[in-house]
Amino acid sequence: MAASGGHVDVLKFLLSKGVDISIRDKQGDNAIYWAARQGHTDIIKCLVEAGVPISTQNKSGETALHVAARYGHTSTVEYLCSIEANINLFDNLGETPLHCAAWHGYVQIVHILCESGALLTLQNKEKETALHCAAVRGNVDCVRVLLEYGAPLNHTDKRGSTALHLACQRHNMAIALLILNAGCKLDILDKETGETAFHCAAREGLLSVVQTMCSLGIDVNIETADGWTALHLACKYGHIEIVRCLLLVGADPDKLNKEGLTGEILALAQGFTNISDLMSLVKGERRMSFITQLKPNPQPISRVKLKLLGSTGVGKSVLVESLKCTYLSSFFRRRLQPAGHTNSVKQRNRNKLSRQFSLPTPLNYIVGNPTYTKGVDIQVINIAGNKEFSVWEFSGYEPYYMLYDYFLGDVNCIHIVLFNLEDSLDEQMAQVIFWLNFLKARIHPKMPIDHCGKLQNTAQVILVATHSDKSISPCHKNSQGNLVNDEAKYILDKVTTMFQYDLDICPQIFILDATSPSSNDMRSFKQQMSLYHIHNGYVDGTDQAAQIILLAILRRFFLKTMTHVLCPQKLPCSNGLLSAVVAQLPEWRKAFHSYPVLSWLQFTEHIRGSVNPLASEEDIKLLDRQLQLMGEIVYLHSQTDLVVLNPQWLGSEVLGNLLSHERISQARVTGCFTLDEFQLMYPNTDALSLIQVLEALELCSACEVDEEVEYEFPCLNFVEALDGLWVKDDERFPNQVYGGVRLHTSFQSGAQLKYLFPRIQVCLRRSILSGEEEDEAENSDDEAKGKELKDADLYQWHHGSKYCCARLEGIIDMDKNEQYLEIKVRGPEGERANLYYFLEDFVNIIEQVVENVCPGLCVERYTLSPMQLKQHGKVVRSYSPTELLRMQMDNRSSVVLSGNIKEDFIDIACLGSEEILETVTLGMDLPISHLTIHTQRLLSLLLDPPEAMGKDWCLLAVTLGLSDAIPSLEPSESEATCVSQTQKVLQEWTRRKPDASIRHLVSKLKEIGRVDAVEAILRTGPPFKVLSFEDQMTEGSGGTQGTNASTNTLSNLSR
């Protein structure tokens, strides 16, 4: 009893009185056994010192090590192994402690036993090894450890099953793949079923297992003891993807089983007509032609996208027209204007085509060029011979910017950023930096980080300066005959340095000039003459010759740049399927001309029905990527994934029209339309179908207006905020509690959040609607809940939203300079915890939109002063992450508001809620795995470069106790890319110490004198995190990143 209860003092007293400590109970269990069962390691130590044997077996044959392993007492197992307990003893069932641990899934115990020399070949009375036990129970991590220590792969149990058989029978695919990759035999027959694991996987529908076994070279026509092949089984049990896989690797569709039936007949008998149809299509030689079509070619795809970015009036459209021709039919058309035409671009820029002058300033959208591009104009052009580009011209008209993330983000293309040399140097610089930041923000950063924080997936960018003949600063030709401009070169050098770790900017700037040619130009023209077909022009011979020369140089430059910025190895290879589908697309577009959109399922069916019935899901996903890179389709992820067969229809006809200046000028100011009203806007397309596309683009959401369903388009909402939306003395809120957050982007990133606001408003509406639907279903019989639902309301205006739910309300808007987003909430005194989650839900929706639209944008969360929010002052103090983290470093519980006035952390972060405070983890105490990719990049930028005294990442590794790992962290010559050593250090530290905290890292950085790295963490690190239930369950795992989302939706508070 003393040993079982862990009473050390009682045990020592009994020992002092001479009690027989080797006594056993009626099951033969001694004191060490009972201590091990309860995990009392200190008791075991005491008993061992007193001379009690540690490997005594009870009547069931179990030792203390068996029972400790079965109950998962890691420290006890570790101690028993350290004092050389017999780890390979069998119990009466023939099981060792390793069998027990593997069966119950105790990974650390399995590791300890293996490390201590447990025999992995031992089998129990069922002839099962420890690997069998782990595989049948689905304990993936145990299997992984056993395989690392060389567990036998091909041992069979009494039924003749290997561990692979058991994993397949139990649908444990991850385990099956681990065993396959470890090199097991593929053709062992189960004595009971007469099947190999291959047959079992085909029968059970385990596609990835079947694919892996095929790639490892199994005989796909191998038969069971009853004469069935894997193809027969897949056909009978209706697994069409496995049928496709097997046919692709050579399975015989005409093979008969012992009953004389083919797979086609077996499928038809079970009602799987889709499989029987497939089998009939691949008979004879047709199957080989389909298989050949799916094999990759050595050459990459033949066409990539050329994306043109720049403000209105910089010459994007004219550049496109010039590239389409064999000569420049007036590179800048104002050169060919009649003599009486005197309007300059500067004059046009001063003419605002504003919607209405009474609206706020942001609504007075500038249209510098009345013939501006609408939306995204997409054309396929041939720049030189057979060099095709899909040219995507992005309009410089601001309302379209909110949608460009759907068309940017791919780095396997060329981005051209244009700017106008007629503008002042400051304006040129501002435009180039804006578009580079815009592009950078829409590219999802991928891990791992390269040296100095450089991303591995950087976009390729060419800078093009236009209107050189009207440039404020002079342009001249260099010794090679190329135009140069000192200001343009200054801009190139400046932005190359600024974005050197974010973008790959071509080291040459291209300056366009339509003036007289030089002799070098003429020689270039003659060299390139055979490549181009010359058409008659609209200008005289001299100008025509000059412009032909310019185009030749331009084309030669693009071809040279393409090889410079595009690595063919990064592009997917072409294949016959791609060629066949590209040939089919014009016909499909013609058939669906009014609505060229298919669901993913329809797209898949078209591919298989019209092109290749053997195309698997993976084949079609690859095809989708190839077509997107070529600019042939647009893929939209939504509840029903959509494939747009005609990108020009979407970019220009739909989006270009919807957000055009003309539409904005004429649209209803509320931005809400009934289905019939929307149908009038697009008479040639079914309105409901088009709404589906626009909802996928987060342009609109259904809403109820006067009990009628309408569609709300926040991008067309130009309503001004009403007075009295957020007044101080509101009778509904006596003793109200306030809280708020301000979301900033870095100064260098520019004002990008304003383009996201309409998308945020759509997501707010959707979140509320989805929450209301759930609540209505749950509370249909609850009148009180129903009344609270009716009290919920969302009111939206231009760049602002207010949501009320029961007694809580929140408001989101932007500052007048559109630099940051501000979220404020308030509610009654007794609702502090609910108010906190209410605020978090608002912030999480916004941060999710930012993550989806601008994954490369670093957003900092500032916390607003509750005290000043309650006072409704014009200026409200916000606490930066740096202030809150520095407070934690100094072990303070408050922050200075102003003068001698302080605010407590509980009020700032938790809205005064003790309940929330109990679940808060301070930012300094979070594991370092919570550092964002932006923080990690900053640390790499600061610590990777070698200093005069050595390498600081190396010094950090020594300080963290990782001296032994330094050789493995050094870059090797065989590495394709140089991964950041700082990131490697942090990853290794996390692996060894999963609970290593940000506070610990900061202290170590201070030790090596890198205060700048500490400041980077304070500026971008998380100030605190409130753990959700899931976080608390997995706390200490060190595997979480980013801001935690609360478990509530905006509407769940009404429950």
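**Exercise 1. Tyr635 and its surroundings**

Task: Find the side chain with which the side chain of Tyr635 makes a polar contact, then describe where Tyr635 sits.

Solution.
- Step 1. In this predicted model, the side chains of Tyr635 and Asp641 make a polar contact at 2.5 Å.
- Step 2. Tyr635 belongs to strand S13, which covers residues 634-636.
- Step 3. Beyond the neighbours within four places in sequence, Tyr635 is in contact with Trp600, Asp624, Gln628, Asp641, Leu642 and Val643.
- Step 4. Take one of these, Trp600. Its C-alpha is 8.8 Å from that of Tyr635, with the two positions 35 residues apart in sequence numbering.
- Step 5. Tyr635 has a relative accessibility of 25%, so it counts as partly exposed.

**Exercise 2. A buried threonine**

Task: Decide whether Thr466 is buried or exposed, and find which backbone oxygen its side chain reaches.

Solution.
- Step 1. Thr466 lies in strand S6 (residues 459-466).
- Step 2. Its relative accessibility is 0%, and Thr466 therefore counts as buried.
- Step 3. The side chain of Thr466 reaches the backbone oxygen of Val314 at 2.8 Å.

**Exercise 3. Two covered helices**

Task: Work out which residues of H7 and H9 are buried, and what packs against them.

Solution.
- Step 1. Start with helix H9, residues 130-137, where seven of the eight residues are buried. They are Ala130, Leu131, His132, Cys133, Ala134, Ala135 and Val136.
- Step 2. These buried residues pack against helices H7 (97-104), H10 (140-148), H11 (163-169) and H12 (173-181).
- Step 3. Turn to H7: six of its eight residues are buried, so the rest of the structure largely encloses it. The buried ones are Pro97, Leu98, His99, Cys100, Ala101 and Ala102.
- Step 4. The cover over the buried residues of H7 includes helix H5 (64-71), helix H8 (107-115), H9 and H10.
- Step 5. Check what follows each helix. After H7 comes Gly105, with a positive phi near 80°; after H9 comes Gly138, with a positive phi near 75°.

**Exercise 4. The largest cavity**

Task: State how many cavities of 30 Å³ or more there are, and describe the lining of the largest cavity.

Solution.
- Step 1. The count is six cavities of 30 Å³ or more.
- Step 2. The largest cavity has a volume of about 80 Å³.
- Step 3. Its lining consists of Gly739, Gly740, Val741, Tyr836, Leu839, Glu840, Arg861, Thr863, Ile908, Ala909, Leu911 and Phe1024.
- Step 4. Sorted by character, the lining has seven nonpolar, three polar and two charged residues.
- Step 5. Four elements each supply at least two lining residues: strand S18 (737-745), helix H35 (832-853), strand S23 (859-864) and helix H38 (905-910).
- Step 6. Look at one lining residue, Leu911. Leu911 is in the loop between H38 and helix H39 (914-917). Its phi is positive, about 55°, although Leu911 is not a glycine. At 3% relative accessibility, Leu911 counts as buried.

**Exercise 5. The second largest cavity**

Task: Find which domains the second largest cavity lies between.

Solution.
- Step 1. The second largest cavity has a volume of about 50 Å³.
- Step 2. Lys440, Ile443, Pro445, Leu455, Gly856, Ile933, His934 and Arg937 line it.
- Step 3. By character, these are four nonpolar, two polar and two charged residues.
- Step 4. Helix H40 (residues 933-943) gives the most to this lining, with three residues.
- Step 5. Lining residues come from both domain 2 (304-327 + 370-531) and domain 6 (928-1021), so the second largest cavity lies between these domains.

**Exercise 6. Backbone details in loops**

Task: Give the loop that holds Pro448 and the loop that holds His799, with the backbone feature of each.

Solution.
- Step 1. Pro448 is in the loop between helix H22 (425-441) and S6.
- Step 2. The peptide bond from Met447 to Pro448 is cis, with omega near -5°.
- Step 3. His799 is in the loop between strand S19 (793-797) and strand S20 (800-805).
- Step 4. His799, a residue other than glycine, has a positive phi near 60°.
- Step 5. With 14% relative accessibility, His799 counts as buried, because buried means under 20%.

Definitions and conventions: Residues numbered from 1 in each chain as written. Predicted model: local features only at pLDDT ≥ 70, side-chain atom pairs only at ≥ 80, totals over all residues. Heavy atoms only, no water. Buried < 20%, exposed > 50% of the residue type's maximum accessible area, 1.4 Å probe, protein only. Contact = heavy atoms within 4.5 Å. Polar contact = N/O pair within 3.5 Å; in protein donor to acceptor, adjacent residues only side chain to side chain. 1 Å grid on protein atoms, 1.4 Å probe; cavity = no way out; pocket = protein on both sides within 12 Å on 5 of 7 lines; lining within 4 Å. Points joined across faces, edges and corners; volume = space filled by probe spheres on them. Nonpolar A, V, L, I, M, F, W, Y, C, P; charged D, E, K, R; others polar. Domains from an automatic or database assignment.
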